[in-house]
Amino acid sequence: MAKFNATDLKWYIGSKYLAEQTNGSIDCSTDIIDVTSKDNDGWKDKLPGLKDWKGSAEGIVDYASGGSTKYDYNGLMDAWLNRTALSVSFKTASGTILSGTAYIVSMKTSAPMEDKASYSLEFEGAGALTRS
């Protein structure tokens, strides 16, 4: 894949992208198992363990920005309230980068005086993250 402008990389839920996104990130990690013994001559020995992933997004609150191509603020709140497993992907318009199933674990709405209302959310993966 060639370099690209990060504005083109968005979070999608199903086939709809998150409306009014201003930022997004994904964090992938692996637990490390310590398998050090006296045979390691004073050096630690390790093996990879369980893998995990989580993502986050920020955007501008717009209650009427949904429709056939966008997943809006109301949809996000409903997914959190109902503990809905979401099919998410972090991708550009030309193709999926990473995808999996996730749950929204936190959602924050901010409304400062004389400024835009914004949201931030975090979700955690439930199962494998795939790359395509």
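**Exercise 1: strands β1, β2 and β6**

Task: Work out how many bridges join β1 to β6, and in which sense the two strands run.

Solution. Start with the pairing itself: β1 and β6 run antiparallel and are joined by four bridges. Keep in mind as you look that this is a predicted model. Next, pick out one pair of residues to anchor your view: Trp-11 sits opposite Phe-90 in β6. Now turn to strand β2, residues 16-18, which runs antiparallel to β1 and is joined to β1 by two bridges. Here Ile-13 has Lys-16 of β2 standing opposite. Finally, check the turn: β1 and β2 make a hairpin with two residues between them, and Gly-14 in that turn has a positive phi of about 65 degrees.

**Exercise 2: the partners of β4**

Task: Find out which residue stands opposite Gly-24 in β4, and which residue in β8 is the bridge partner of Glu-58.

Solution. Begin with β3, residues 21-34, which pairs with β4 in the antiparallel sense over 12 bridges. Within that pairing, the residue opposite Gly-24 is Ala-57 of β4. Then go to β8: β4 and β8 run antiparallel too, joined by seven bridges. There, Glu-58 has Ser-120 as its bridge partner.

**Exercise 3: the largest nonpolar core**

Task: Of the 19 residues in the largest nonpolar core, find which ones touch the most other members.

Solution. The three to look for are Leu-18, Leu-76 and Val-88. Then ask where the core draws its residues from: the elements giving two or more are β1 (10-13), β4 (46-60), α1 (73-81), β6 (86-92), β7 (95-110) and β8 (118-125). A bit of background helps here: in soluble globular proteins, nonpolar side chains tend to be buried together. Now zoom in on Leu-18. Setting aside neighbours within four places in sequence, Leu-18 is in contact with Trp-11, Ile-13, Ala-57, Tyr-71, Leu-76 and Tyr-119. So one of the three, Leu-76, turns up in the contact list of another, Leu-18.

**Exercise 4: a cavity and its lining**

Task: Say how many cavities of 30 Å³ or more a search of the whole structure finds, and which residues line the largest cavity.

Solution. The search turns up one cavity of 30 Å³ or more. The largest cavity has a volume of about 40 Å³. Its lining is made by Trp-11, Ile-13, Leu-18, Leu-76, Leu-86, Val-88, Ile-104, Leu-121 and Phe-123. Among the elements, β1, β6 and β8 each give two or more residues to this lining. Last step, sort the lining by class: nine residues are nonpolar, none are polar and none are charged.

**Exercise 5: buried or exposed?**

Task: Decide whether each of Ser-89, Phe-123 and Ala-111 counts as buried or exposed.

Solution. You need two cut-offs: buried means under 20% relative accessible area, and exposed means over 50%.

- Ser-89 belongs to strand β6. Its relative accessibility is 7%, so Ser-89 counts as buried. Leaving out residues up to four places away in sequence, Ser-89 touches Lys-10, Trp-11, Tyr-12, Thr-96, Leu-98 and Ser-99.
- Phe-123 is part of strand β8. At 5% relative accessibility, Phe-123 is buried as well. Apart from neighbours within four places in sequence, the contacts of Phe-123 include Trp-11, Trp-53, Val-88 and Ile-104. From C-alpha to C-alpha, Phe-123 and Trp-80 are 9.6 Å apart in space, with their positions 43 residues apart in sequence terms.
- Ala-111 lies in the loop between β7 and β8. With 68% relative accessibility, Ala-111 counts as exposed. Ala-111 and Val-61 are 50 residues apart in sequence, yet 9.3 Å apart in space, C-alpha to C-alpha.

**Exercise 6: positive phi values**

Task: Find where Asp-41 and Arg-83 are placed, and what their phi values are near.

Solution. First the background: most residues other than glycine have a negative phi. Asp-41 has a positive phi, near 50 degrees, and is in the loop between β3 and β4. Its relative accessible area is 68%, so Asp-41 is exposed. Arg-83 also has a positive phi, near 55 degrees, and is in the loop between α1 and β6. Arg-83 is exposed because its relative accessible area is 71%.

Notes:
Residues are numbered from 1 along each chain as its sequence is written. This is a predicted model: local features need pLDDT of at least 70, side-chain atom pairs count only at pLDDT 80 or more; totals for chains, interfaces and linings use all residues. Side-chain values use heavy atoms; hydrogens and water are left out. A nonpolar core is a set of buried Ala, Val, Leu, Ile, Met, Phe, Trp, Tyr and Cys residues joined through side-chain atoms within 4.5 Å. Buried means under 20% relative accessible area, exposed over 50%, partly exposed in between (1.4 Å probe, protein chains only). Contact means heavy atoms within 4.5 Å. Two strands pair if DSSP finds at least two bridges between them. On a 1 Å grid over the protein atoms alone, a cavity is a set of points where a 1.4 Å probe fits but cannot get out, and a pocket is an open set with protein on both sides within 12 Å along at least five of seven lines; lining residues have an atom within 4 Å of a point. Grid points are joined across faces, edges and corners, and a volume is the space filled by probe spheres set on the points. Ala, Val, Leu, Ile, Met, Phe, Trp, Tyr, Cys and Pro count as nonpolar, Asp, Glu, Lys and Arg as charged, and the others, Gly among them, as polar.
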